[in-house]
Structures are given as structure tokens and as C-alpha cells.
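Trainee: Could you walk me through this one? I keep meeting terms and I'd like to know what stands behind them.

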Amino acid sequence: LCTVTIHGRELLASGSDDETVRLWNPRTGTVVTSMPIHHAVVAVAPVANALAIGFKSGILVITTDLAN
């Protein structure tokens with residue numbers, strides 16, 4: 001679980017063994033978006049203007065400019 005800023009909004013990012021990363025509104029506790037990763041997620045972390053997603057076989061980094 002980590003915080004990430006996307007388009008000026010601070011959100012919570014979580015990863016799961018259900019192979020998704022979810023972005024949450026921290027004020028309401030609702031899911032803003034869910035992204036299929038196709039690997040069990042073991043870690044998420046903010047990296048500059050990106051979100052690093054870790055899984056057993058590697059790391060995926062996505063820019064937060066692309067997330068909706």
C-alpha cells in the first residue's frame with residue numbers, strides 16, 4: 001500500500017495476489033480504478049512520476065500520467 005499522485009489527486013495504490021493493482025480514494029475508501037497486471041502483485045511503490053509494481057518474476061513501472 002502506498003500513496004501516489006495522479007493528475008494532482010493523491011490516491012492510495014494497492015496490489016494483490018488476485019493479479020490487480022487498485023487505486024483508491026483515501027477519503028471515501030472507494031476504488032477509483034482497477035488495473036489487471038496478470039501477475040500476483042507483491043509490492044507497489046511511488047517512483048517520481050511513476051508507480052513501480054513488483055511481482056515475483058520482475059518489476060513493472062507505469063507512468064502516472066497514463067492512469068485515469
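Mentor: Sure, let's start at alanine 48, which sits in the loop between S5 and S6. Keep in mind that this is a predicted model, where local features need pLDDT of at least 70, side-chain atom pairs count only at pLDDT 80 or more, and totals for chains, interfaces and linings use all residues. Residues are numbered from 1 along each chain as its sequence is written, and side-chain values use heavy atoms, with hydrogens and water left out.

Trainee: Why is alanine 48 called exposed?

Mentor: Exposed means over 50% relative accessible area, buried means under 20%, and partly exposed is in between (1.4 Å probe, protein chains only). Alanine 48 has 81% relative accessibility, so it counts as exposed.

Trainee: And what makes the phi of alanine 48 worth a remark?

Mentor: Its phi is positive, about 50°, although alanine 48 is not a glycine. Most residues other than glycine have a negative phi.

Trainee: Which class does glutamate 19 fall into, and why?

Mentor: At 35% relative accessibility, glutamate 19 lands between the two cut-offs, so it is partly exposed. Glutamate 19 lies in the loop between S2 and S3, and its phi is positive too, near 70°.

Trainee: How do you know what counts as a strand, and how many are there in the protein?

Mentor: Strands are DSSP runs of E with at least two residues, helices are runs of H or I with at least four, and both are numbered from the N terminus. By that rule the protein has 0 helices and 7 strands. From the N terminus on, the order reads β-β-β-β-β-β-β.

Trainee: What makes the protein as compact as a globular one of that length?

Mentor: The radius of gyration is taken over C-alpha atoms, and the globule rule is 2.2 Å times the number of residues to the power 0.38. For 68 residues the rule gives 11 Å, and the protein's radius of gyration is close to that at 11 Å, so it is as compact as a globular protein of that length.

Trainee: How do you know that S1 and S2 pair?

Mentor: Two strands pair if DSSP finds at least two bridges between them. S1 and S2 have 5 bridges and run antiparallel, so they meet that definition. Threonine 3, for instance, has leucine 12 in S2 as its bridge partner. The hairpin of S1 and S2 has 2 residues between the strands, and histidine 7 there takes a positive phi near 55°.

Trainee: What makes S1 and S4 edge strands?

Mentor: They belong to an open sheet of 4 strands with antiparallel pairing, in the order S1-S2-S3-S4. S1 and S4 each pair on one side only.

Trainee: Why are S5 and S7 at the edges of their sheet?

Mentor: That open sheet has 3 strands in the order S5-S6-S7, again with antiparallel pairing. S5 and S7 each have a single partner strand, so one side of each is left without a neighbour in the sheet. S6 and S7 are joined by 6 bridges and form a hairpin with 2 residues between them. Among the bridge partners, isoleucine 53 goes with leucine 60 in S7.

Trainee: How do you know that proline 36 is buried or exposed?

Mentor: Proline 36 has 56% relative accessibility, so it counts as exposed. Proline 36 is in strand S4 (residues 31–36) and is the bridge partner of threonine 20.

Trainee: Which residues does proline 36 touch?

Mentor: Contact means heavy atoms within 4.5 Å. Leaving out residues up to four places away in sequence, proline 36 touches Glu19 and Thr20.

Trainee: What makes a group of residues a nonpolar core?

Mentor: A nonpolar core is a set of buried Ala, Val, Leu, Ile, Met, Phe, Trp, Tyr and Cys residues joined through side-chain atoms within 4.5 Å. The largest one here has 14 residues, and Ala13, Val21, Leu23, Val44, Leu51 and Ile53 touch the most other members. Strands S1, S2, S3, S5 and S6 each give two or more residues to this core.

Trainee: Which side chains of S1 are buried?

Mentor: They alternate: Cys2, Val4 and Ile6 point to one face and are buried, whereas Thr3 and Thr5 point to the other and are not.
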